[in-house]
Amino acid sequence: MTEEFDDEIILSELNDEELVQQMHDDLYDGLQEEVVEGVEILLERGWTPYKVLTEALVAGMTIVGVDFRDGILFVPEVLMAANAMKAGMKILRPLLAETGAPQVGKMVIGTVKGDIHDIGKNLVSMMMEGAGFEVIDIGINNPVENYLEALDEHKPNILGMSALLTTTMPYMKVVIDTMVEKGIRDDYIILVGGAPLNEEFADSVGADAYCRDAAVAVETAKKLIHESKASNQVA
Ligand code: B1M
């Protein structure tokens, strides 16, 4: 996607539409500095952090995902794109959290064992923080013990699990079954997400809800916390 004369492009001289298009290309090419600059320009132009996130970064990553699936891009390139995306997200994170929303709950979130994808999880964390949740992110590749330790230590209302691979998503059931065995399953709202999941899968592993994206995760978390407070189940 890199054009021969890419280095002559001055991002600040592009209009919004051209800039977003260029940012998709830069993300695709894994150009961190350019992606960061694009994010800064859009913010200066009055774009909300959420709009920058969804239209410039997430949409760009979707293109990467399609070409990865189709064998046009390979792991090293996708990793570079992911790092460029993360660099852009780093600027947006504090801005999304700056809403001053009152604290509405606490969530422990992590990607399951065998899975190192973390962009979606990080996005969910950012959006949840922005909506007033305290988020404890335990990272990637988590065996059940890590979840249990974090639940015990932080006593959240919500456990969030992420999985991006069809081979790792069944591990969510291992975590939930272990919680059932220990008699702590009903102490938490369990939300699951990740591209290969769906509602049926969430039901089958015993989660409370499947969250299609970060915005749905926020809405669902608020709704279920409200309901559990109403029935006096939240500590
Ligand atoms: Co991977 N990978 N990858 N990868 N990767 C996918 C997932 C894949 C679909 C690509 C493809 O073939 N089209 C495919 C999985 C196929 C399958 O299982 N059926 C795949 C594969 C095969 C692999 C490897 C096996 C490749 C290899 O090594 N041969 C390998 C596995 C490594 C491992 O985990 N053990 C691998 C590696 C990688 C990279 C390291 C290169 C990189 C990850 C970098 C990183 O995350 N730090 C990577 C990437 C970037 C992708 C794609 C291209 C993009 C994922 C992403 O970040 N999306 C992905 C293709 C795709 O998904 N279309 C792909 C953007 C993100 C915002 O969306 O993560 O869906 P998403 O998150 C959303 C929702 O799903 C939801 O909200 C988020 C925000 O809206 N959500 C939650 C997610 N988690 C949630 C948790 C919640 C709630 C909602 O809890 C409450």
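## Polar contacts and Lys121

A polar contact is a pair of N or O atoms within 3.5 Å, where, inside the protein, one atom must be able to donate a hydrogen and the other to accept it, and where residues adjacent in sequence count only if both atoms are side-chain atoms. In this predicted model, such a contact, at 2.7 Å, joins the side chains of Lys121 and Asn122.

Lys121 belongs to helix 5, and because its relative accessible area is 3%, below the 20% limit, the residue is buried. Not counting residues up to four places away in sequence, Lys121 touches Ile109, Gly110, Thr111, Asp137, Gly139 and Ser162. Of these, Ser162 is also listed among the residues that come nearest to the ligand.

## The cobalt ligand and its surroundings

The cobalt atom of the ligand has a single donor from the protein, the NE2 atom of His117, which is 2.2 Å away. His117 itself is found in the loop that runs between strand 1 (105-111) and helix 5 (119-130).

Around the ligand there are 33 residues, and those that come nearest are Ile116, His117, Asp118, Ser162 and Thr166. Backbone atoms also approach the polar atoms of the ligand: a backbone N or O atom of Ile116 lies 2.8 Å from one of its oxygen atoms, and a backbone N or O atom of Ala195 lies 3.3 Å from an oxygen atom of the ligand. For Gly114, the partner is a nitrogen atom of the ligand, which lies 2.9 Å from a backbone N or O atom of that residue.

## Helix 1

Helix 1 comprises 13 residues, 16-28, which at 1.5 Å a residue should span 18 Å, and the model agrees, because the end C-alpha atoms are 18 Å apart. At the start of the helix, a side-chain oxygen of Asn15 reaches to within 3.1 Å of the backbone nitrogen of Glu17; after the helix comes Gly30, whose phi is positive, near 70°.

Buried residues of helix 1 include the nonpolar Leu19, Val20, Met23 and Leu27, together with Gln22, His24, Asp25, Asp26 and Tyr28. The elements covering the buried residues of this helix include helix 2 (32-44), helix 3 (49-69) and helix 4 (75-97).

## Nonpolar cores

The largest nonpolar core has 50 residues, and within it the residues with the most contacts are Leu53, Leu57, Met128 and Ile158. Helix 4 supplies the largest share of this core, namely eight residues. A second core, separate from it and made up of 26 residues, includes Val108, Val175, Tyr188 and Val205.

Beyond the residues up to four places away in sequence, Ile158 touches Lys106, Met107, Val108, Met128, Phe133, Ile189, Leu191, Ala221 and Ile225.

## Two buried residues of helix 9

Helix 9 (residues 214-230) contains Thr220, and Ala221 has its place there too. Thr220 counts as buried because its relative accessibility is 14%, and Ala221 is buried because its relative accessible area is 0%.

Leaving aside neighbours within four places in sequence, Thr220 is in contact with Leu191, Ala209 and Cys211, while Ala221 is in contact with Met128, Phe133, Ile158 and Leu191. Leu191 is therefore a contact of both residues, given the cut-off of 4.5 Å between heavy atoms. The C-alpha atoms of Ala221 and Lys51, which are 170 residues apart along the chain, are separated by 21 Å.

Key. Residues are numbered from 1 along each chain as its sequence is written. This is a predicted model: local features need pLDDT of at least 70, side-chain atom pairs count only at pLDDT 80 or more; totals for chains, interfaces and linings use all residues. Side-chain values use heavy atoms; hydrogens and water are left out. Helices (H or I, at least four residues) and strands (E, at least two) are DSSP runs, numbered from the N terminus. The expected span of a helix is 1.5 Å times one less than its number of residues. Buried means under 20% relative accessible area, exposed over 50%, partly exposed in between (1.4 Å probe, protein chains only). A nonpolar core is a set of buried Ala, Val, Leu, Ile, Met, Phe, Trp, Tyr and Cys residues joined through side-chain atoms within 4.5 Å. Donors are N, O and S atoms within 2.8 Å of the metal (3.2 Å for Na, K and Ca); water is not among the atoms, so sites may look incomplete. A residue is near a molecule or strand if one of its heavy atoms lies within 4 Å of it.
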